[in-house]
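Biologist: Please take a close look at one part of this model, the salt bridges and what surrounds them. I should like a connected account that a first-year student can follow.

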Amino acid sequence: MKLLDKYNRMSLMATIVVIIITGIIYYFTISYVLNEEIDNDLQSEETEIYDHVKRDNTLPEIFKSDYLKINFQQIGEDTVKRRYADVKFWEISEKEIERGRELISSVKVKGINYRITIIQSKVETEELIRVIFLVTLGIIVLLILTLLTINRLVISNLWQPFYQMLKQIKLFNLTDHSHINTLETNIDEFKDMNEEVTAMSLRVNKDYQELKNFVENASHELMTP
């Protein structure tokens, strides 16, 4: 496997892992923020109910809404712990079960305790999260493809001195008195490698020539009576 392919594969795997982890964190962060927004809306509805009871000493009239459900239930002397919760409820207009956010509280009207149940649909919120997530995911995928393309082009260009040096090493032959040329590069590592390889080829040629001369002289002496 080529170094560039291995680098791209490792880089892609690392990027995918990071995207998965950050995607999960991103999803839950957005969900938390939007849940806080819904909770603020529910609290506003609760405050309006309290203001109406304080002003008129009666429960407010309930209006039908596709995204907000309000219900009052007499609970006698029992107390209700105020809380938020994720719930599922039957949406009559859509004729299906939807996810929502619920606020349970209580109010006293004319000496009678009532439990307040306010439910707001999360359909639009979940659709918004889905759109944001898909758009972000599309941008990330496009960014990854762009980076991989740029890496392949840039890294291939950066490694050209190495490939040229490797080609010269493969063609190097002592019998042809060949040598390795100095390459022009601004990369320090390749420059140092080229200098060492060039110096090594010169030493090898010199040693080979000295050994050749020695063998020729020895052969001549042995053949001389």
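Modeller: The side chains of Asp86 and Lys122 form a salt bridge, with 3.3 Å from N to O. This is a predicted model, and every value in this account was computed from it. Asp86 belongs to strand β2, residues 83-91, while Lys122 sits in the loop between β4 and α2 (123-158), so the pair ties together parts that are 36 residues apart in sequence. The two partners differ in their exposure. Asp86 counts as partly exposed because its relative accessibility is 45%, whereas Lys122, at 6%, counts as buried. The cut-off behind the second label is that buried means under 20% relative accessible area.

This pair belongs to a wider arrangement. Asp39, Asp86, Arg101 and Lys122 are linked in a network of salt bridges. For the model as a whole, the count comes to 6 salt bridges.

Another of these bridges lies within helix α2. There the side chains of Arg130 and Glu127 meet, with 2.6 Å between N and O. Arg130 and Glu127 are 3 residues apart in helix α2, so about one helical turn separates them. Both partners are partly exposed: Arg130 has a relative accessible area of 43%, and Glu127 has a relative accessibility of 42%.

A further bridge joins Arg55 to Asp56, and the closest N and O atoms of that pair are 3.7 Å apart. Arg55 is exposed, because its relative accessible area is 58%. Asp56 counts as partly exposed at 38% relative accessibility.

The chain then passes into the loop between α1 and β1, where Asn57 is found. The phi of Asn57 is near 60 degrees, which is a positive value in a residue other than glycine. Most residues other than glycine have a negative phi. Asn57 has a relative accessibility of 37%, so Asn57 counts as partly exposed. Lys110 also has a positive phi, of about 55 degrees, although Lys110 is not a glycine. Lys110 is placed in the loop between β3 and β4. With a relative accessible area of 61%, Lys110 is exposed.

From these loops one may turn to the interior. The largest nonpolar core has 12 residues in all: Ile38, Leu42, Ile49, Val53, Leu68, Phe72, Leu103, Val107, Val109, Tyr114, Ile116 and Ile118. The elements that give two or more residues to this core are α1 (3-56), β1 (68-76), β3 (96-109) and β4 (112-121). Helix α1 gives the most, with 4 residues.

Helix α1 also has a part in the surface. Leu12, which is found in helix α1, joins Ile16, Ile20, Ile24, Tyr27 and Phe28 in a nonpolar surface patch of about 570 Å². The relative accessible area of Leu12 is 32%, so Leu12 is partly exposed.

A surface patch of another kind is negative, and it is formed by Asp188, Glu189, Asp192, Glu195 and Glu196. One of these residues, Glu189, lies in helix α4, which covers residues 188-223. Glu189 counts as exposed because its relative accessibility is 57%.

Two distances help to relate sequence to space in the later part of the chain. Leu158, placed in helix α2, is 29 residues from Ile187 in sequence, and their C-alpha atoms are 8.3 Å apart in space. Leu158 is partly exposed, at 40% relative accessibility. Leu174, in turn, lies in the loop between α3 (160-171) and α4. The C-alpha atoms of Leu174 and Ile155 are separated by 33 Å, and the two residues are 19 residues apart along the chain. At 25% relative accessibility, Leu174 counts as partly exposed.

To return to the starting point, the bridge between Asp86 and Lys122 should be read together with the network that also includes Asp39 and Arg101. One partner of that bridge, Lys122, counts as buried, and the other, Asp86, counts as partly exposed.

Key: Residues numbered from 1 in each chain as written. Predicted model: local features only at pLDDT ≥ 70, side-chain atom pairs only at ≥ 80, totals over all residues. Heavy atoms only, no water. Patch = residues over 30% accessible without salt bridge, like charges linked within 9 Å, V, L, I, M, F, W, Y side chains within 5 Å. Areas by Shrake-Rupley, 256 points an atom, 1.4 Å probe, with all protein chains shown as cover. Salt bridge = Lys/Arg side-chain N within 4 Å of Asp/Glu carboxyl O. Lys, Arg positive; Asp, Glu negative; His and termini not counted. Charge placed at Lys NZ, Arg CZ, Asp CG, Glu CD. Buried < 20%, exposed > 50% of the residue type's maximum accessible area, 1.4 Å probe, protein only. Core = buried A, V, L, I, M, F, W, Y, C linked by side-chain atoms within 4.5 Å.
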